[in-house]
Structure formats: C-alpha cells, structure tokens
Amino acid sequence: LTRLQYSMQNETTVTEFILLGFSSNPALRLCLFGLFSVIYSGTLLGNALVCVLICLDYRLRSPMYFFLCHLSIVDICYASNNVPHMLRNLLGQGRTISFAACGTQIHLYLIFALTECMLLVVMSYDRYVAICHPLRYALIMNRRVCLTLAAVSWAFGFIFGTLQASLVLRLPFCGPCKVDHFFCEILAVLKLACTDTTANKVLIFAVCVCFLLLPLALILISYLHILATILRIRSAARWHKTFSTCGSHLTVVGLFYGNAIFMYMGPGSSNSSGREKVLSLFYSLISPSLNPLIYSLRNKQVKEALLKLQRRK
C-alpha cells in the first residue's frame, strides 16, 4: 500500500529522464566521443553518397538500387535519432531528456528499425525475381510495384512502431527516472514503469516474431531458390555477379537480424543493460556505417559510378 501511494504521488510528476550512458570516467568518455563522432560522420557521408550516386547515375536506376536508396535513408535517420544525444551525453552536456523527447526517440527508433526489417525482405524478393525469373524481371518489378513495396515497408514500420510506442508512453512512471542506457530504448524505459508490463513485453515478442522471425524465414526461402538456380549456372562471370550482389545483401541481413534476435528474443534479453547498450550501439552507429561500405566495396556498378563522379569533378 505504501509503494502504491508513493507511485500515485510520483507518476504524475515525471517530466524528464536521466540517461546514465556509458562510463563515468572522463578520459574514457572523451575517447568514446572522438571515436563515435568519426563513425557517425562516416555514416552520414557514406549513406548520403550512396543516395547521390543512385540519383545521378542512370545505370543504378534499377529496383535493387531503388530499395538500397531507401535503406540508406533509413540508416541516416536511424543514426541521427540517437547518436547526437549520445555524443552530448559523453561530453556531460545532455544527460537529461524530457518525457516528450524520450517518447519521440522511442517512436522513431521503432519506426526505422521495423522499416529496415521490411526493406531487407523486399530486397531479398527483388534478388529472387532477378535471378530466378530474369526474363520476367522488368515486368514483375516494374515502377508501380517498387513504389508499392517501398510504401508498404514504411507504412508497416510507422503503424507498428506507433502502436508499441503509444502503449509504452501511456504507462505510469515513478522515480527515480534513471534510464540505464545512452538513449530512450524501449526495454530500458519499460524497467522504470511502476506497473505490470507483461502485456508490453508480450507485444514486443509478438512484433519480433512478425518482423524478425517470419521475414528471416522468407529471406532464407528466397535464397534457397536462388541457390538452386545458381547451381544450374555454368558461366563463371554470372556466378561472380550473382554472388557479388547477393553476398552484400546476405551480409547486411545476417548482421541486422542476428543482433536483433539476440537482443530482443534471446534468454535474459530484458535483464542485461550492458548487452542492451552494446547491441543498441551496433544498431544505431556501427550497422548504418557498414551498410554503404558493404554494398559499395562488393558492387562493381557502385564503384564505377563513384569513379565516374570523381572524374566529373
């Protein structure tokens, strides 16, 4: 009864949260600030460059690069949602965050994460059609279908991200409001609720099944068909081209889905704050910075477009 009275008195006074962030060692925080600043700058420049190359080079105006452009936009937004506040935190200038700003971070984080899940599935379907049905590729993956698939990916991310965020932000919160994270991550914020959060955790698990396990199964099925088609190819040049494009996508899929499943569906996924910070850092900073490198370094057309742009300058 005493705890309930305390909760009722304090749940209405919560106007901001305190982000604990990383280490309290000033020297270590300064080193992390420099490292993360460089990676964040590379993330913005790399993904922006991919979008520019796709827009300028007519050879990259195909469905595969259309979806890659959307993936780069998601990565830019994804990193920009969390990293700037994390950098301020490392300098000791932004440990507090208002309730509204925290809710915005949760909302955008979920939207971009779920949208990327859908885009990776769409990209695997594009590769399946291109390799298994090359003669009908232009007919199946026409402009209207591509726009529809991209719109559906963004719409699903927005709808389910909004649903989860709204249910979390309606919970009553009691002091102390210290978030053991470097941004308002949904699992870390749920720990501060002074009520039963079982329903929220069940919803998170259900969304993980729908946006992680099922899409991953579809991707694996697509690549099983692709593998069966590749085994019938006798041309070494076509083998190399197929593995170049599919290998890049499979690398990104493995990094993204593997870490997401380990973070949200692994044993003790809601109890280890240290693991949450490391995996969230991977999502917010490392993965968005690797995607343009993976696609550009393993893709001949992207490298040729980059050289062409340099010659223009």
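What percentage of the 313 residues in the protein do buried residues make up? Keep that question in mind as you work through the exercises below; the model is a predicted one.

**Exercise 1. Take stock of the whole chain.**

*Task:* Find the buried share, the secondary structure elements and their order along the sequence.

*Solution:*
- Start with burial: 49% of the 313 residues are buried.
- Next, list the elements: the protein has 11 helices and three strands.
- Then read them in sequence order, which gives α-β-α-α-β-α-α-α-β-α-α-α-α-α.
- Now turn to the surface. The protein exposes about 15500 Å², and 68% of this comes from carbon and sulfur atoms.
- Finish with contacts. Among those with a separation of 6 or more, 78% are between residues 24 or more positions apart.

**Exercise 2. Compare a record with the model.**

*Task:* Take two of the spans that UniProt lists as "transmembrane region", 63–81 and 145–163, and work out what the chain does there.

*Solution:*
- The record is an unreviewed UniProt entry, and its listed spans also include 27–56, 106–125 and 202–231.
- For residues 63–81, the model has 100% helix and 0% strand, with 27 Å between the end C-alpha atoms.
- For residues 145–163, the chain is again 100% helix and 0% strand, and its end C-alpha atoms are 27 Å apart.

**Exercise 3. Build the sheet.**

*Task:* Put the three strands in their spatial order and describe how they pair.

*Solution:*
- The order is β2-β1-β3, in an open sheet with mixed pairing.
- Look at the edges: β2 (96–98) and β3 (178–179) each have a single partner strand, so one side of each has no neighbour in the sheet.
- Now take the pairings one by one. β1 and β2 run antiparallel and are joined by three bridges, with Phe-17 opposite Ile-97 in β2.
- On the other side, β1 (residues 16–19) pairs with β3 in the parallel sense over two bridges; here Leu-19 has Val-179 as its bridge partner.
- Check the two faces of β1: Phe-17 and Leu-19 are on the covered face, while Glu-16 and Ile-18 are on the uncovered one.
- Finally, add a helix. α4 lies across β1 and β2, at about 85 degrees to β2.

**Exercise 4. Find the centre of the nonpolar core.**

*Task:* Which members of the largest nonpolar core touch the most other members, and which helix gives the most to this core?

*Solution:*
- The core holds 91 residues, and Phe-17, Ile-106, Tyr-257 and Tyr-264 touch the most other members.
- Helix α4 (residues 99–132) gives the most to this core, with 19 residues.
- Link this to Exercise 3: Phe-17 is also on the covered face of β1.

**Exercise 5. Follow an acidic residue into helix α4.**

*Task:* Is Asp-126 buried or exposed, and what is it in contact with?

*Solution:*
- Place the residue: Asp-126 lies in helix α4.
- Apply the cut-off. Asp-126 has 1% relative accessibility, so it counts as buried, since buried means under 20%.
- List the partners. Setting aside neighbours within four places in sequence, Asp-126 is in contact with Pro-63, Met-64, Phe-67, Tyr-137 and Met-141.
- Pick one partner to follow. Met-64 sits in helix α3 (residues 63–90) and, at 14% relative accessibility, also counts as buried.
- Look for a second link from Met-64: its C-alpha is 6.6 Å from that of Met-123, although the two are 59 residues apart in sequence.

Terms used:
Residues are numbered from 1 along each chain as its sequence is written. This is a predicted model: local features need pLDDT of at least 70, side-chain atom pairs count only at pLDDT 80 or more; totals for chains, interfaces and linings use all residues. Side-chain values use heavy atoms; hydrogens and water are left out. Helices (H or I, at least four residues) and strands (E, at least two) are DSSP runs, numbered from the N terminus. Buried means under 20% relative accessible area, exposed over 50%, partly exposed in between (1.4 Å probe, protein chains only). Contact means heavy atoms within 4.5 Å. Accessible areas come from the Shrake-Rupley method with a 1.4 Å probe; for residues, only the protein chains shown count as cover. UniProt positions are given in the numbering used here, feature names are shortened, and annotations may be inferred rather than shown by experiment. A nonpolar core is a set of buried Ala, Val, Leu, Ile, Met, Phe, Trp, Tyr and Cys residues joined through side-chain atoms within 4.5 Å. Two strands pair if DSSP finds at least two bridges between them. Axes are lines fitted to C-alpha atoms, for helices over the stretch in contact, and angles run from 0 to 180 degrees between N-to-C directions.
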